[in-house]
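Colleague: Got a minute to walk me through this one? I'd like the sheet, the charges and the cores.

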Amino acid sequence: MTTATSRATTTGAVGTAHSRVEGRDKVTGAARYAGEIPFAGLAHGRLVLSTVARGRIVSVESGPVLDMPGVLAVLHHGNAPRLETGYVGMLGVPPDPTAAVFQDDRVPHAGWPVALVVAETSEQAREAAEALTVTYERAPHDIAFSAGRSDARPADGHMPASTEKGDLDAELAASAHVVDEEYVTPEEHHAMMEPHAATALWDGGRLEVVDSNQGTTWVADELVRMFSLDASAVRVRSDHVGGGFGSKGLRAHQVSAVMAATELRRPVRVVLTRRQMFSLTGYRSPTAQRVRLGAGPDGRLRALDHRSLNQTSTVWEFVEPAAGVGRTLYDAPAHRTENQVVRLNVPSPTWMRAPGEAPGSFAMEAALDELAERCGVDPIELRLRNEPELGPVSGLPFAGRNLAACFREGARRFGWAGRDPRPGVRREGHLLLGTGTAAASFPAGAMPSTAAVTAEADGTFTVRISAADIGTGARTALALVAADALRVPAGRVRVHIGDSDFGPAMIAGGSMGTRSWAWAVTAAAGELRDRLVPGGTVPPEGITVRSDTTAAVGALAQKERHSYGAQFAEVAVDVATGEVRVRRMLGIFAAGRIVNPLTARSQLIGGMTWGISMALHEEAVRDSASGDLYGGDLASYHVASHADVPAVEADWVDDHDPDDPVGIKGIGEVGIVGAAAAVANAVWHATGVRHRRLPIRPDRVLEAGGPRV
Ligand code: MOS
């Protein structure tokens, strides 16, 4: 940590624990979420989804439904307005046609939106939607995801599909130890607490959408393009958001609500049901990964080969870039990585917390554990021996790589020293005990943003930025950042977010939100402080300074810039029932300067908890006959519950991004990375059985056999 930052940390608001500025509103219910904000004259839309997995819509029998009580309209491909979809949006991708609803008669997967029924009340809309008869011409569907499909092909997504250097065959042949295994992760869903919900209305010639999303300017921009509107004619607001995890961008609910509000000339709300979310809002694709590692006798890598396959829909390509993890974490003279996709009659997957890194780190960090076993080298020592000097693929220097520090501090606190590496030997009654570890890394980037900071006449300050607080504590973090830049106590700063009228800003995504927004807020606040005359007066309208970090962010030095972490887990495996229980977890992270230790710890623990869930619980299973999920609901899709999550501790080592005005890197996603591998590696240490397919369910533990107690 630089001395400048150390001083700021000890004297300023950044680095000290603050409860959420909106915390009281949230616990008292004063904070309203998108689906519960009242509007005069509100009508309610309910989506109708396809019951077939592939085919064409033959008819939508609106007539009888329009005669039902309260029903105002039925929108479908036969009467909906045409949308513009031939554009590339803010995130560099075309829109998912799942959101561009009712444009044609094709049905590419089960749960595809085919109609919206609008009524005076949500109950009437539901009743009518359930009564709507839609007939289909069915076609055969293919949802069979598996490794080795002949129609799999390399795909780029947000990074090049393939990287390759060196002679893989030669290095593998010359390796003293080789691991060559396949790892499988299932379809997983975001399952955030708050369902997607939006209300659309026209107000004085402007379209206003009150939504729950990860970026108001992102959603506004998509609506502007899709409905061919003037940019100034669309305003999107999103105040409190009950989780996003990558799923809360433009979806069918906003688009269908806008269509209906335009048609009916009154406010229309569309709220997705939990079941609808399972096919309309993206998910993490299953992956089938093959990892080949070759090492010398000392465990130093000579060969690294990682290939990953994921599924996407037939209408939109999403690459879950699991093979990307080795591109920054581990080097080898022969190094090859490739991401592939196969198109199936399934819903479109999307970004989900640590897209690529979460499943990719499971495979890579489990494979490294297998290599450590074969080399007879401690898993932490193996990783330390394989610390690269430069980016393995990029050749660029690292902008701070504190992975080794995470492992050293983690090992000390977890009590790793003296660990008996032998598997299957620690017994406690009918339980087998084991410990495991894994590395984590996630890119630390920044994106251009704009902000406005106002000095008010009463001595307070107001920050306006179209940031999104999806439960992370972003609003609070920005208050602390602004306070330090203004050199005033945080209590004198109020922060307004979630309004596209505040101008373009990064979304809450890619672990880049807080950093990108803090940069813009710091720039505006710093300039404002310079402008304020000590002892001078502020006019009634205040003094406002605006910032735009496009140039500054664009000039960011090209380096390998990442957050890091070391994950540790201890498990107890019941060999009679096959149940795996995590007893404790520790994550030590190097994730740049920590703005608010209170919410940062919570964010990291949340990621680790999700890692437990990924390792042991989460799995959405598709029925080959219907093409739909068995139980697309939270009764059947098991996420870790309170009783599954024991003592989870997250902490960090000093870290600082030297090129960031505040020193931030990002903590949104690194917490889940490696967490499932640490648990899986602990299960091996407990039982001597490798589980290369997630989740590690009791039946799989029993079937795999292993020692009996
Ligand atoms: Mo996240 S998957 O970058 O919202």
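Modeller: Sure, we can take those topics in turn. Keep in mind that this is a predicted model.

Colleague: Start with the sheet around β19. What is the strand order?

Modeller: The order is β21-β20-β19-β22. Those four strands make an open sheet with mixed pairing.

Colleague: Which strands sit at the edges?

Modeller: β21, residues 493-496, and β22, residues 543-548. Each of them pairs on one side only.

Colleague: How many degrees are neighbouring strands turned against each other?

Modeller: On average 20 degrees, ignoring direction.

Colleague: How many bridges join β19 and β22, and in which sense do they pair?

Modeller: Six bridges, antiparallel. β19 covers residues 450-455. As one example of the register, Ala455 has Ile543 of β22 as its bridge partner.

Colleague: Which strands does helix α13 touch?

Modeller: α13, residues 474-486, packs on the sheet against β19, β20 and β21. Its direction is at about 135 degrees to that of β21. Helix α14, residues 513-531, also packs on the sheet. α14 touches β19, β20 and β22, and makes about 140 degrees with the direction of β22.

Colleague: Switching to charges. How many salt bridges does the count come to?

Modeller: The count is 59.

Colleague: Give me one with some sequence separation. What does Glu208 meet?

Modeller: Glu208 meets Arg237, at 2.6 Å from N to O. Glu208 is in strand β11 (206-211) and Arg237 is in strand β12 (234-237), so the salt bridge ties together parts 29 residues apart in sequence.

Colleague: Is Glu208 buried or exposed?

Modeller: Buried, because its relative accessible area is 11%, under the 20% cut-off. Arg237 is partly exposed at 32%.

Colleague: And Asp659, what is its partner?

Modeller: Arg561, with the closest N and O atoms 3.0 Å apart. That pair links distant parts of the chain, 98 residues apart. Asp659 is in the loop between β25 and α17, while Arg561 is in the loop between α15 and β23. Arg561 is buried at 6% relative accessibility. Asp659 is partly exposed at 26%.

Colleague: What about Asp151 and Arg149, how far apart are the closest N and O atoms?

Modeller: 2.9 Å, in a salt bridge. Asp151 is partly exposed, with 37% relative accessible area. Arg149 is buried, with 17%.

Colleague: Which residues are linked in a network of salt bridges?

Modeller: Glu409, Arg412, Arg413, Arg601, Glu649 and Asp651.

Colleague: New topic, helix α6. How many of its residues are buried?

Modeller: Nine of eleven, so the helix counts as mostly covered. α6 spans residues 216-226. Among the buried ones are Trp218, Glu222, Leu223 and Met226.

Colleague: What covers the buried residues of α6?

Modeller: The cover includes β11, β12 and α7 (252-264). Just after α6, Ser228 has a positive phi of about 50 degrees.

Colleague: On to the cores. How many residues are in the largest nonpolar core?

Modeller: 82. Leu293, Leu371, Phe568, Val571 and Met585 have the most contacts inside it. Helix α10, residues 357-375, gives the largest share of that core, ten residues.

Colleague: What does Leu293 touch, beyond residues up to four places away in sequence?

Modeller: Its contacts include Leu172, Val179, Leu301, Met364, Leu368 and Leu371.

Colleague: And the second core, how many residues does it have?

Modeller: 67, and it is separate. Val74, Ala468, Leu486 and Ala524 are among its members.

Colleague: How many disulfides does a search of the whole structure find?

Modeller: Zero. As for individual cysteines, Cys375 is buried at 12% relative accessible area. Cys406 is buried too, at 0%.

Colleague: Last one. Where is Val582 found?

Modeller: In strand β24, residues 580-590. Val582 is buried, with a relative accessible area of 6%. Leaving aside neighbours within four places in sequence, Val582 is in contact with Glu570, Val571, Ile612, Leu616, Pro646 and Val679.

Colleague: How far apart in space are Val582 and Glu365?

Modeller: 18 Å, C-alpha to C-alpha, with their positions 217 residues apart in sequence terms.

Colleague: Great, thanks.

Terms used:
Residues are numbered from 1 along each chain as its sequence is written. This is a predicted model: local features need pLDDT of at least 70, side-chain atom pairs count only at pLDDT 80 or more; totals for chains, interfaces and linings use all residues. Side-chain values use heavy atoms; hydrogens and water are left out. Two strands pair if DSSP finds at least two bridges between them. Helices (H or I, at least four residues) and strands (E, at least two) are DSSP runs, numbered from the N terminus. Axes are lines fitted to C-alpha atoms, for helices over the stretch in contact, and angles run from 0 to 180 degrees between N-to-C directions. Contact means heavy atoms within 4.5 Å. A salt bridge is a side-chain nitrogen of Lys or Arg within 4 Å of a carboxyl oxygen of Asp or Glu. Buried means under 20% relative accessible area, exposed over 50%, partly exposed in between (1.4 Å probe, protein chains only). A nonpolar core is a set of buried Ala, Val, Leu, Ile, Met, Phe, Trp, Tyr and Cys residues joined through side-chain atoms within 4.5 Å. A disulfide is a pair of cysteine sulfur atoms within 2.5 Å.
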